[in-house]
Amino acid sequence: MSEHGDQVPGYRVIRMEALQDAPAAALADVEAWQAREAYPNVLAGGGPVFGVAEELDSGGWQVLSRFGNMAPQGSRDTLAMTFRQRAREAGDAGDTATQQEWLRGAERLDWEKVDELTVLDRRFRVVRADQFIRMGPTGPEPPRPSDPDPAKVGHGHELPNRTTGFVIDPFTATGMSEGILRMELLSLVRAPGTAPAPVRKDSVRALKTHPGGVLLPAEFTAAEFADGGWQPTQMTNTSPQGARDTLTTYLRVMAPAMEQLDEETRAEYARAADRIDAERCDDIEIDGCRTRIVRVERLVRIGPDGPEGPRPSDHDPELPTAVQEEQLRAEGLFDEDRVVSEEEAEQQRVAEEQAKEFLRLFEEQRRRREDAEGS
């Protein structure tokens, strides 16, 4: 939508269309509009996430991986694995020349922090998405009735990720509510004093360099109310049930194994997990703390050359895999004859004990869910 018509570049246009011919989409659009009233504030949630996309000849960029990396290097590693998979396919087909091209691209990613590569005349890019959560008087927005949630309890991880295969294309029409949300999100910048100066500077610059945008499929996380505010406590999941399953796994497995909980707290966590499974509830109090399954919107900004990549101020502490290995070898950490200190030995012993407890609790949860499904 634009008041300037054809004078506005395509990547800045938001095409809104009525959705009468798609009942499910029309319902989702109505719920999105209702969410504006119940949860009127839009806040940044959890920092940026990164994924990998390939430019299409037909227009737009197709997402090759879920947007689950909190730093760009994880997506660079994913891109290297993608190239190696395509190299294997070319090798299986007997195309050695194509195989070597893919392998050269993968090797470069092993050694360099590269966010865009062209291999065999095809462009690939590490893409950045900002995360947002709608907030209201009662807290963050939970899943909507129209959000797909088909998985059974304990099977949320089996659903295909809705972002993989998604095409980032600003020319794709959207409903009225989503179009308005895109305009809202595209205008947001980090307020003075809410972020380090380089982060705010990049946020302001993005208004000019990448003024368009596309919303990825929503994802879901658990958040808890602590110290006067709501904070996400886990990675996002493709469905509400996936977020519930991650939360119950934390309550039954991760917390007891990693935090050495006493028996009373373990029992309380187990009761909370049982209730989440039985009721598929999205709001619960755990150990005196409110916890909620929360809906997360994700926006990819778009400029003249396509979707936005990592910003200079984005957290990017990891080195490429080959560089990491080289440094570890230089420090002697790969030396099999190196003498292990008492402190390192104790750390290893504790880690092994935690791993054993984790496996025991995980197996216990698996049997519990199998028994529940069989009853």
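A residue is called buried when its relative accessible area is under 20%. The exercises below concern a predicted model.

**Exercise 1. Cysteines 281 and 289**

Determine how many disulfides the structure holds, and explain why cysteine 281 is in that state.

*Solution.*
Step 1. A disulfide is a covalent bond between the sulfur atoms of two cysteines. The cut-off applied here is a pair of sulfur atoms within 2.5 Å.
Step 2. For cysteine 281, the closest cysteine sulfur belongs to cysteine 289 and lies 14 Å away, so the separation is too far for a bond. Cysteine 289 is likewise in no disulfide.
Step 3. The structure therefore holds zero disulfides.
Step 4. Burial is assessed with the definition above. Cysteine 281 has a relative accessible area of 12% and is buried. Cysteine 289, at 15%, also counts as buried.

**Exercise 2. The largest cavity**

State how many cavities of 30 Å³ or more a search of the whole structure finds, and identify which residues line the largest cavity.

*Solution.*
Step 1. Rolling a probe the size of a water molecule over the atoms shows where empty space is left.
Step 2. The search of the whole structure yields one cavity of 30 Å³ or more. The largest cavity holds about 40 Å³ of space.
Step 3. Its lining consists of Arg244, Leu247, Ile276, Cys281, Asp282, Asp283, Ile284, Thr291, Arg292 and Ile293.
Step 4. Two or more lining residues come from each of α6 (240–259), β10 (283–286) and β11 (289–303). The greatest contribution is that of β11, with three residues.
Step 5. Sorted by class, the lining has five nonpolar, one polar and four charged residues.

**Exercise 3. Aromatic rings**

Describe the aromatic pair of phenylalanine 83 and tryptophan 102: is the pair stacked, tilted or edge-to-face?

*Solution.*
Step 1. A pair of aromatic rings is described by the distance of the centres and the angle of the planes.
Step 2. The ring centres of phenylalanine 83 and tryptophan 102 are 5.4 Å apart, with 40° between the planes. Planes under 30 degrees apart would count as stacked and those over 60 as edge-to-face, so this pair is tilted.
Step 3. Phenylalanine 83 is in helix α2 (residues 72–92) and tryptophan 102 in helix α3 (residues 96–111), so that the pair links distant parts of the chain, 19 residues apart.
Step 4. Phenylalanine 83 is buried, with a relative accessible area of 0%, and tryptophan 102 is buried, with 3%.
Step 5. Phe83, Trp102 and Phe124 form one aromatic cluster. The count of aromatic pairs comes to five.

Key: Residues numbered from 1 in each chain as written. Predicted model: local features only at pLDDT ≥ 70, side-chain atom pairs only at ≥ 80, totals over all residues. Heavy atoms only, no water. 1 Å grid on protein atoms, 1.4 Å probe; cavity = no way out; pocket = protein on both sides within 12 Å on 5 of 7 lines; lining within 4 Å. Points joined across faces, edges and corners; volume = space filled by probe spheres on them. Helix = DSSP H or I, 4+ residues; strand = E, 2+ residues; numbered from the N terminus. Nonpolar A, V, L, I, M, F, W, Y, C, P; charged D, E, K, R; others polar. Buried < 20%, exposed > 50% of the residue type's maximum accessible area, 1.4 Å probe, protein only. Phe/Tyr/Trp six-rings, centres within 6.5 Å; stacked < 30°, edge-to-face > 60°.
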